[in-house]
Amino acid sequence: MSKLVIVESPAKAKTIKKYLGPGYDVIASMGHVRDLPENRLSVDIKKDFKPKYEIIKGKEKLVEELKEKAEKSDYVFLATDPDREGEAISWHLAYLLDLNTEDDNRVTFNEITKTGVTNGMEHPRSIDMDLVNAQQARRILDRLVGYKLSPFLSQKIRRGLSGGRVQSVAVRLVVDREEEIRKFVPKEYWTIDVKMIPKGSRKAFPATFYGDENGKIEIENKEQADQILAELEGAEYKISKLKKGTRRKSPAPPFITSTLQQEASRRLGFQARRTMKAAQELYEGVEIEGMGAVGLITYMRTDSLRLSEDALKDAADYILERWGKKYLPDTPRHFKTKKNAQDGHEAIRPTMPSLSPDQVKDSLSSDQYKLYKLIWERFIACQMANCLQSTTQAEISAKNYIFKASGYTVTFDGFTVLYEEKKDEDSESGGALPPLEKDMPLRCKEIAGNQHFTQPPARYTEASLIKALEENGIGRPSTYATTISTITGREYVVRDGKALKPTELGEVITKLMKERFPKIVNVKFTAQVEEELDEVQSGKVDWVETLHDFYGDFEKTLKKAKEEMQGVKIQLKEDETDIICEKCGRKMVVKMGRYGKFIACPGYPECKNVKKLVQETGAECPKCGGKVIVKKSKKGRIFYGCAEYPNCDFISWDEPSMEKCPRCGKTLLKKKGKHPKYYCVTPDCGYERVENPDEENKDEA
């Protein structure tokens, strides 16, 4: 008796085949097989938004192969991914293969292990139409917004633009933050910082001015700081109050999709798409030496913090063996999932906690290893004992003024022996203080007034934008990577190092959307739509009614915008260059096209002269002395090359600096990192210099 199991990817098929053994044929659908065609709306609005699906172009042969195999099989199991998207793919497959959607032919695997596959195959169910309809509602809603809004934006601003339900709000968040930064007015303030040495000690510790006996004093200018410094001349310092305590620091919960993307961005520098690609590979299965194909992590699209009892036991066994009993909490840790989470799957965790990253390193790619290590460490750490810290808070009196100092020492490292969550902004301050006692006299080693200015809010990074989308209920975990790729790919937002900043195009589109489609870019409204779509999934709301409610208002808004903006064209600012058009003599300008920036004559359509935009670095080629220009690889990665190519073949991933080599006089290249390295590529030179190397500061009496 032959049974056919259809999954989404060949890697997943290979791993599952290993566990199912003979009697089963496992084949991949290669993702979606049927969808709304790209070249037209394909939604019949008048017939309750009936979608017009078609087999995806290029997959006709695969569908025929699936049909042939299904006909020859005694039973067909649909084992696509365990989420909305996977449920919809199974539904489309059932339609194309003429399977009954009410039969128990749908199986799901939370993890691709023998236990996970066996458990899934033992509990088949019928296709969940609530999940399918939730996916259909999102797909159709996004199609309606995209296909109705994009032509309007293209007509009013520039050809080739697109608008979207989630991407437009994401761009707005970035634009609004940029406006906050521009409007920000820095405010001056001063601190008075001292270094104190206790009696009988050589080690100094820092303290900061707080105020006087009446409370905190804000120092607003130099005159105020100088006055306080003058009054403190010759002052005697002593510990007036001392408070000691113990602080318990708990580990972060295991990863969900959004927190995995954020931490991989902060710690590994991965973009969300790169994170999800590596996670998908780890879930579907990797060839491990001596083990064969193994799914190393549980399903990576989840917003649940739930953990299985088996996983908790495996983690406890590993911790006990590796670090001992004192590193285990009294009871296993359970984490509370957010109220609006779907809770369909476990948190992201290793399928075999006993399989450490070092054991599989040689079988994984660099990205797979780094991500597996991150997921494994986070999961193991979440089941470890608290970190214990001994804290000290000291008040120091000097005349009528008060200074404060705080610090801590780690008395038990607990989970931090393995892993500690990285924050966007490290707010924890204070190191170990020397032994202090109440009324202890102190000697002031240094005292100085320091000027500061309040800082504007930071630009979003990919990690903080994902966090903002999640906190505001915009999009869902599975969409964050695609959303960020879309807004950066279309150059509505650009990367400036790790920061995301809006382009002029992004700002112009957002301004128009705020004026004409306020609901579409309204954060609360978009979150409300997300909640309604989630209610479709839980069966509480009819998906067609949800579409009617949204589209009726959207259609009226679009019609009004078209009428009121008839004949209006929004002009983007064009940067003038020093390049003279050889055809008509005008100064050429920088324009933005579908494939990026280019140089064109402003006399269009009379003059249609265009040129490739060349961005100079200002540095000389270390090989021939020509100009070094910025280039892009096929994958969009920036590199540097000589403008005299092909006569000169100099290229580098590292940016040429404006510095010359002190040995040979050629241009130095700069390798980025925590401590940038400048080096010379001239053969037989070998000069290099590390900028700001770590130095240990030692305080002396």
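# Chatting through salt bridges, helices and a sheet

Reader: Which residue does Lys12 form a salt bridge with?
Author: Lys12 pairs with Asp81, and their closest N and O atoms are 2.7 Å apart. Keep in mind that this is a predicted model.

Reader: Ok, and where do those two sit in the chain?
Author: Lys12 is in helix α1, which covers residues 10–20. Asp81 is in the loop between β7 (75–78) and α3 (84–96). The two are 69 residues apart, so to speak of the pair is to speak of a link between distant parts of the chain.

Reader: Are they buried or exposed?
Author: Lys12 is buried, and Asp81 is buried as well.

Reader: How many salt bridges does the structure hold?
Author: There are 45 of them. In general, side chains of opposite charge can pair when their charged atoms come close.

Reader: What about Arg139, which residue is its salt-bridge partner?
Author: That's Asp35, with 3.1 Å between the closest N and O atoms. This pair also links distant parts of the chain: Arg139 belongs to helix α5 (residues 129–156), Asp35 belongs to strand β3 (residues 34–35), and 104 residues separate them.

Reader: Is Arg139 buried, exposed or partly exposed, and why?
Author: Arg139 counts as partly exposed because its relative accessible area is 25%, and buried would need under 20%.

Reader: And Arg349, what does that one pair with?
Author: Arg349 forms a salt bridge with Glu346, the closest N and O atoms being 2.7 Å apart. Arg349 has 4% relative accessibility, so it is buried. Glu346 is buried too, at 9%.

Reader: Which residues do shared salt-bridge partners join into one network?
Author: The network is made of Arg84, Arg138, Asp142, Arg165, Arg476, Glu530 and Asp534.

Reader: Switching topic! Where is His92, and what does it touch?
Author: His92 lies in helix α3. Leaving aside residues up to four places away in sequence, His92 touches His32, Val33, Arg34 and Tyr53. With a relative accessibility of 3%, His92 counts as buried.

Reader: Now helices. At what angle do α1 and α4 pack?
Author: The angle is about 80 degrees, and the axes are 10 Å apart. Helix α4 covers residues 114–122.

Reader: Is that roughly parallel or roughly perpendicular, and why?
Author: α1 and α4 are roughly perpendicular to each other, because angles of 65 to 115 degrees count that way.

Reader: Which residues meet there?
Author: From α1 you have Ile16, Tyr19 and Leu20, and they meet Lys114, Val117 and Met121 of α4. Sorted by class, this contact of α1 with α4 has five nonpolar residues, one charged and no polar ones.

Reader: Last bit, the sheet. What's the strand order?
Author: The order is β23-β24-β25-β26, in an open sheet of four strands with antiparallel pairing.

Reader: Which strands stand at the edges?
Author: Those are β23 and β26 (651–652). Each has a single partner strand, so one side of each has no neighbour in the sheet.

Reader: How many bridges join β24 to β25?
Author: Five bridges join β24 (residues 627–632) to β25 (residues 638–642), and the two strands run antiparallel. One bridge partner is Ile638 in β25, which goes with Lys632.

Reader: And Gln615, where is that, and how far in space from Val630?
Author: Gln615 is in strand β23 (residues 615–620). Gln615 and Val630 are 5.4 Å apart, C-alpha to C-alpha, although 15 residues apart in sequence. Not counting residues up to four places away in sequence, Gln615 touches Ile629 and Val630.

How values were computed. Residues are numbered from 1 along each chain as its sequence is written. This is a predicted model: local features need pLDDT of at least 70, side-chain atom pairs count only at pLDDT 80 or more; totals for chains, interfaces and linings use all residues. Side-chain values use heavy atoms; hydrogens and water are left out. A salt bridge is a side-chain nitrogen of Lys or Arg within 4 Å of a carboxyl oxygen of Asp or Glu. Buried means under 20% relative accessible area, exposed over 50%, partly exposed in between (1.4 Å probe, protein chains only). Contact means heavy atoms within 4.5 Å. Axes are lines fitted to C-alpha atoms, for helices over the stretch in contact, and angles run from 0 to 180 degrees between N-to-C directions. Angles under 35 degrees count as roughly parallel, over 145 as roughly antiparallel, 65 to 115 as roughly perpendicular and the rest as oblique. Ala, Val, Leu, Ile, Met, Phe, Trp, Tyr, Cys and Pro count as nonpolar, Asp, Glu, Lys and Arg as charged, and the others, Gly among them, as polar. Two strands pair if DSSP finds at least two bridges between them.
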